[in-house]
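Let's take a walk through this structure together, one piece at a time. Have the 3D view open and follow along.

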Amino acid sequence: MPTVPHVINGQRRNAEGVSPIFNPATGAVTGEVPVPAAALIDEVVASSRTAWSSWRNSTLSQRTNILFAFRHLIVQHTDELAAIITAEHGKTIADAKGEIARGLENVEFACGLTDHLKGEFSSQVADGVDVHSVRESLGVVVAITPFNFPIMVPLWMAANALATGNVVILKPSERDPSVSVMVAELLREAGLPDGAFNVLHGDATTVNALLEHPGVDAISFVGSTPVARHVYQVGTANGKRVQALGGAKNHMVVLPDADLDIAADAAINAGFGSAGERCMAISVVVAVGDVADPLIAKITERLDRLTVGAGDDPASDFGPLITAAHRDRVTSYVTSAGADGITVVRDGATLRIGDGFFVGPCLLDGVRPGTKAYDDEIFGPVLGVARVASYDEAVSLVNANPYGNGTAIFTRDGNAARLYSRQVSVGMIGVNVPIPVPIAAYSFGGWKNSLFGHAHIYGPEGFAFYSRAKVITTRWPQPSESQIDLGFPATR
Ligand code: NAD
């Protein structure tokens, strides 16, 4: 069975595999992932620090040229990258290409590093004194990524961390690790010096060793909330700068004046795209007033037209879940829903296609706080409908939820949409847009249990996270100005 190699200091390093990689559409084991020994972790950190000593001094135009070349290589190799993603993640080829395109946006943003890294200058802050600021790199950044976006999330982190002069150790998800090896090789082909971008595989043991390693300066994490909280707590306790993005439960509020066809389309696209394995997936439709029955009818009619199948079959609307264990966990929510008095309008739990990890579309009517199907992040093709009487009840429901990643409102009333945007405690809001993932020039991040640490990821906040400021106060005194003065430096 092939074992996916680590990439350390520009070289593939083969190691014995420990856990299986599956093709989720067939259930077949297609490879294995190694877990590095402590000595290898020390080696990658040491070689990264050596690489940083020169990469931090690379010129801005050298970095820009490499990122431009990298962008070009990703575009050239999109088909190959998408095929690797689909084979290990299970999402459709079109969805894999969409992920690549959204990751690429971050490389393009990072290409503007000369502008993004500009400091500030203030002349004559006191007599003969000027002040300027610069931003410098942090050092070794560890990027820990989830299974559901095996290229986009690594690009969110790597493009911006490298642009700011850091070196990166990527610890990709052990479920779909192979595409990260190709990313490392494309960066090398683009001209990135050896050691500036490394791929170290493994699981929680690898992550925990890196969180405590004295040679690591910063951690970017994206994954589930319990692990995000752990990474934040252990990383910061070890003196590292940490941003840790967690899970989600995203609500889509549909007001009585909304176009219900548009709303039903959005609920299908955002609820079932990528089999619901997106942190910005809509998992609860909040039907306000009397829209629930006609909206459910329109959603059901669309659900029945969806095709579930292998990601490399162009006829498939969505593919399998990532593992058999995750499939069983997702279907358990449909079982518990019945016991909690929730109406199971569509039950895709029993769908079987060969030995793949498929679940068909599931629709639950009447989800509410206190039921497992509402309280937990399901991360599968299970859409819940919550019925509320009023706009105020919808806002209270959204704000009482412990997650705050994304939300959407569907309405024709601009004032209601504006009010909603101001009243909800959520980081990313869509107005008639169901998956409001910000473009790369803005930053991505949720509130509450969806983000630990203050910095949102990528965009301007990404550049700020991956760099630290120095402020330099300058005076060029003349010999005639020599004097002893023990007073605190005054500006007036
Ligand atoms: P996960 O938390 O299981 O794993 C994420 C990473 O953490 C992996 O690299 C994994 O090896 C590592 N890890 C797992 N358990 C660990 C532990 N106990 N200690 C240390 N490290 C550990 O997440 P996942 O299942 O791969 O991804 C799905 C989750 O990620 C969902 O909850 C989803 O909402 C979330 N997600 C969030 C965002 C966001 O931007 N907020 C984006 C994508 C995914």
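Let's start with what surrounds one helix: the buried residues of H4 have a cover that includes helix H2 (60–76), helix H3 (78–89), helix H5 (113–116), H6 and helix H16 (459–465). Keep in mind that this is a predicted model. Which residues of H4 are buried? They are Asp 95, Ala 96, Glu 99, Ile 100, Gly 103, Leu 104, Asn 106, Val 107, Phe 109, Ala 110 and Cys 111. As for its length, H4 has 19 residues, so at 1.5 Å a residue it should span 27 Å, and its end C-alpha atoms are indeed 27 Å apart.

Now look at how H4 sits against one of those neighbours. The axes of helix H4 (residues 93–111) and helix H6 (residues 152–163) cross at roughly 10° and come within 8 Å. Angles under 35 degrees count as roughly parallel, so that is the word for H4 and H6. On the H4 side, the residues that meet H6 are Glu 99, Arg 102, Gly 103, Leu 104, Asn 106, Val 107, Phe 109 and Ala 110. Facing them from H6 are Met 152, Leu 155, Trp 156, Ala 159, Asn 160 and Ala 163.

Let's zoom in on one residue from each side. Asn 106, part of helix H4, has a relative accessible area of 1%, so it counts as buried. Leaving out residues up to four places away in sequence, Asn 106 touches Leu 155, Trp 156, Ala 159, Asn 160, Ala 440 and Tyr 458. Over in helix H6 you'll find Ala 163, which is buried because its relative accessible area is 0%. With the sequence neighbours up to four places away set aside, Ala 163 touches Arg 63, Leu 67, Ala 110, Leu 113, Leu 117 and Phe 463. Ala 163 and Asp 130 are 33 residues apart in sequence, and their C-alpha atoms are 28 Å apart in space.

Next, hop along to Lys 171, which has its place in strand S8 (residues 167–171). Is this lysine buried or exposed? Its relative accessibility is 3%, so Lys 171 counts as buried. Its side chain makes a polar contact of 3.4 Å with the side chain of Glu 174. Beyond four places in sequence, Lys 171 touches residues including Ala 143, Ile 144, Thr 145, His 201, Asp 203 and Val 207.

Val 207 leads us to another pair of helices. Helix H8 (residues 204–212) packs against helix H9 (residues 225–237) at an angle of about 30°, with their axes 8 Å apart. So H8 is roughly parallel to H9. Val 207, Asn 208, Leu 211 and Glu 212 of H8 make the contact with His 230, Val 231, Val 234 and Gly 235 of H9. The crossing of these two helices, H8 and H9, is right-handed.

Last stop: helix H10. Its 13 residues (260–272) should span 18 Å at 1.5 Å a residue, so the 18 Å between its end C-alpha atoms agrees. At the N-terminal end of H10, Asp 259 acts as a cap, with a side-chain oxygen 3.0 Å from the backbone nitrogen of Asp 261. The buried residues of H10 include Leu 260, Ala 263, Ile 268 and Phe 272. What do the buried residues of H10 pack against? Their partners include strand S12 (250–254), strand S13 (282–288) and helix H11 (292–303). After H10 comes Ser 274, with a positive phi near 55°.

Terms used
Residues are numbered from 1 along each chain as its sequence is written. This is a predicted model: local features need pLDDT of at least 70, side-chain atom pairs count only at pLDDT 80 or more; totals for chains, interfaces and linings use all residues. Side-chain values use heavy atoms; hydrogens and water are left out. Helices (H or I, at least four residues) and strands (E, at least two) are DSSP runs, numbered from the N terminus. The expected span of a helix is 1.5 Å times one less than its number of residues. Buried means under 20% relative accessible area, exposed over 50%, partly exposed in between (1.4 Å probe, protein chains only). Contact means heavy atoms within 4.5 Å. A polar contact is a pair of N or O atoms within 3.5 Å; within protein, one must be able to donate a hydrogen and the other to accept it, and residues adjacent in sequence count only if both atoms are side-chain atoms. Axes are lines fitted to C-alpha atoms, for helices over the stretch in contact, and angles run from 0 to 180 degrees between N-to-C directions. Angles under 35 degrees count as roughly parallel, over 145 as roughly antiparallel, 65 to 115 as roughly perpendicular and the rest as oblique. A crossing is left-handed if the near helix is turned anticlockwise from the far one by less than a right angle, and right-handed if clockwise.
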